[in-house]
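Reader: Could you pick one part of this and take me through it slowly? I'd like the geometry behind each statement, and then how you'd work outward from there.

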Amino acid sequence: PQSSSTFSDPFSIVSHEMSNLAKSIANLIGSGHPTLNRVSSYYFEAEGKNVRPLIVLLLSKSLAAIPLEQRNRIKIDTYDVTEQPHFKGTPTKTSVAGNSVDDSISPLAILHGINPKVILDPLSKPMDRLPQFDAVNGILPKQRRLAEIVEMIHTASLLHDDVIDLSDSRRGRPSGNIAFTNKMAVLAGDFLLGRASVAIARLRNPEVIELLSTTIANLVEGEFMQLKNTVMSNGETNSISNDGENKIIPEATGKVPTKQHEYSVSAPQEVDHITNVNAAFEYYLHKTYLKTASLMSKSSRAAAVLSGSQDDIIENCYEFGRNLGLCFQIVDDMLDYTASNATFGKPSQADLKLGLATAPILFAWKEQPELGELIGRKFSEPGDVEIARNAVDKFQGLEKTREMAQEYCYKALENLRVLPESDARSALEFLTNSILTRNK
Ligand code: FPP
Ligand code: MG
Ligand code: MG
C-alpha cells in the first residue's frame, strides 16, 4: 500500500524541481574564492523552508494548466512566445553571441592553480539557449530559474538582516555574521545579489527584470522603515531625521565589541514618532509588504508573466503573492511571541526587545492607549517589555493577529480561484493554509 506520507504530500508534484534547487543554486554561486564560497553557500546548506521557490514552482505548474490559446499575451520579448509548451509556430529566434565569459574568474585565481572549470556554471548559457520547455510537467526552465533567483535574493537579505538585527542564530546554526564576521556576511550577501542579477538578466525578459529589481529595492526600503530612527541602548541615536545625522553602527562608536555576541548589548531600537494607532498599523503593513510580501508578490507575478498568461491572471497571481506574503509575515510576528528558540531556529521573543511594535502589541494599544508611550520609547525602560507582553495577553493580541493573518490567507485562496483546478492549485491552497497554521 502507498505510504501515507507519499500519498498526502501535496508538494510531491514539484519534488523533482525542489530537490534540484540547492544543486542549481550551487552552480549559480560558485566563485574562484574558497572562503567566499563557504560564506555564500552557508545558509543554503541548512535546510530552509524554501517557501518562496515552492510558491514560484507550484504557481508555475498551476499556470501550465491554462490552455495555451488563453496564454497569448503579446510580449515584448519574443523568446517567451516560443517557450509555450507545445508551441507549434516557428520560433522567432535571432542568433545570440557566443557564451559570455565569467568575469569573476580572476587571472590571479588561475595563477594560484584554481581550476576555472570548477567555477563554470549554467550562467554561461543565456536562458534562451536552454531547452525551450519541460514537456514532463509544464514548468518552464525560466520559471525554474526564477525559483532559484528568488531564493538567492531572499538568502542575501537574510545574511544582511542578521548583521542588522545582531542575530546569533539562523536555521538552528550560528548565523552568518557569527560564523564568519559581519564583513564577510555582508559581502557574501552582495555577491549573491550580484549573481542573482546575472541570472535575472539572462532570463531575457525586461518585465521580469523590472519586477525582480524592484523587489530588491523594496527589501531595503522595508528594512529602512524598520531601522528608521534607531536608538542604541548606549543612548546614542541612529537618526535619519532632518538634520541628516546618521551615525552609530556598532563599529562606528569606537567601542568595537570583541565578540560578535556583544553587539546584542547595544541592540538597535526603533524610534518612530507615530502617536496614532491607525497610522501605526498602516506603517506596519506597508513595512511588512516591502520587507516580505514584495518578493512573494512580484515573483508570483513574474511566474505568470513568463507563462504568457493574460492580465487578469497576472494581477491575481500578484495579489495572491501579496496576500500570502502579508499572512506569512504577520504569522512570523505572532510566532516571535509564542515560539521557542528551538522550534523557530532563530531567536524568538526578539521583537519587543529590539523595540519593534508588530501586530500583537498594536492590537493591545488599540485597547489601552497608554501603551503608546511604551511603544514610542521602544520599550526601553526597565519592565516595559514585560508590561507589553502582559498587555498582549490581556487584550488577546495574538488571537487578533491570527485573525488578521487569516483574512489575508482567505484573500490569497480567493485569488487562486482564477486558476484552473489542478493538483498544483490544490497544493498551493494547502501551502496557503499551512502558512497560517505553521509553528516555525
Ligand atoms: C527578515 O526579517 C528580513 C527580511 C525579510 C528582509 C531583510 C532585508 C534587508 C536586510 C535589506 C537588504 C536586502 C538585500 C536584498 C541584500 P526579520 O528580521 O523580521 O526576520 P528574522 O526573524 O528571520 O530575522
Ligand atoms: Mg530584521
Ligand atoms: Mg532578523
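Author: Let's start with Phe 379, which counts as buried because it has 26 C-beta neighbours inside 10 Å, and the cut-off for that label is 20 or more. Keep in mind that this is a predicted model. Phe 379 sits in the loop between helix 16 and helix 17. Its phi is near 50°, a positive value in a residue other than glycine. As background, most residues other than glycine have a negative phi.

Lys 378 tells a similar story. You'll find Lys 378 in the loop between helix 16 (371–376) and helix 17 (384–394), and its phi, near 60°, is positive in a residue that isn't glycine. Is Lys 378 buried or exposed? Lys 378 is buried, since 23 other C-beta atoms lie within 10 Å.

Now for the other spots where phi turns positive. Leu 166, just after helix 8, takes a positive phi of about 55°. Gly 308 follows helix 12, and its phi is positive too, near 75°. Those two lead us to the helices they follow.

Take helix 8 to begin with. At 1.5 Å a residue, its 24 residues should span 34 Å, and the end C-alpha atoms are 35 Å apart, so the length agrees. Helix 8 is mostly covered, with 22 of its 24 residues buried. Helix 8 also gives the most to the shell around ligand 1, namely six residues.

What else is in that shell? There are 17 residues around ligand 1, and the ones that come nearest are Ser 157, His 160, Asp 161, Leu 219 and Glu 223. The elements giving two or more residues to the shell are helix 8 (141–164), helix 10 (182–201), helix 11 and helix 12. Sorted by class, the shell has seven nonpolar, five polar and five charged residues.

Two of those shell contributors, helix 11 and helix 12, also pack against each other. A quick bit of background: a packed pair of helices is described by the angle between the axes and the distance between them. For helix 11 (residues 206–227) and helix 12 (residues 277–307), the angle is about 170° and the axes are 7 Å apart. That angle makes helix 11 roughly antiparallel to helix 12, because anything over 145 degrees gets that name. The contact of helix 11 with helix 12 has 10 nonpolar, six polar and seven charged residues.

Helix 12 deserves a check of its own. With 31 residues at 1.5 Å each, helix 12 should span 45 Å; its end C-alpha atoms are 42 Å apart, which agrees. Even so, there is a kink of about 60° in helix 12, centred on Ala 293. Of the 31 residues in helix 12, 22 are buried, which leaves the helix mostly covered. Ser 299 lies in helix 12, and Ser 299 is buried because 31 other C-beta atoms lie within 10 Å. If you want a ruler, the C-alpha atoms of Ser 299 and Thr 358 are 25 Å apart in space, with their positions 59 residues apart in sequence.

Last, a couple of distances further along the chain. Ala 364 is in helix 15 (residues 359–367) and counts as buried, since it has 26 C-beta neighbours inside 10 Å. From Ala 364 to Lys 400 is 36 residues along the chain, and their C-alpha atoms are separated by 9.3 Å. Thr 401 belongs to helix 18 (residues 397–416). With 23 C-beta neighbours inside 10 Å, Thr 401 counts as buried. Thr 401 and Lys 411 are 10 residues apart in sequence and 16 Å apart, C-alpha to C-alpha.

Methods:
Residues are numbered from 1 along each chain as its sequence is written. Chains are lettered from A and ligands numbered from 1 in the order in which they are written. This is a predicted model: local features need pLDDT of at least 70, side-chain atom pairs count only at pLDDT 80 or more; totals for chains, interfaces and linings use all residues. Axes are lines fitted to C-alpha atoms, for helices over the stretch in contact, and angles run from 0 to 180 degrees between N-to-C directions. Helices (H or I, at least four residues) and strands (E, at least two) are DSSP runs, numbered from the N terminus. Angles under 35 degrees count as roughly parallel, over 145 as roughly antiparallel, 65 to 115 as roughly perpendicular and the rest as oblique. Ala, Val, Leu, Ile, Met, Phe, Trp, Tyr, Cys and Pro count as nonpolar, Asp, Glu, Lys and Arg as charged, and the others, Gly among them, as polar. A residue is near a molecule or strand if its C-beta atom, placed from the backbone, lies within 6 Å of it. A residue is buried if 20 or more other C-beta atoms lie within 10 Å of its own, exposed if 12 or fewer, and partly exposed in between; C-beta atoms are placed from the backbone. The expected span of a helix is 1.5 Å times one less than its number of residues. The bend at a residue is the angle between axes fitted to the seven residues ending there and the seven starting there.
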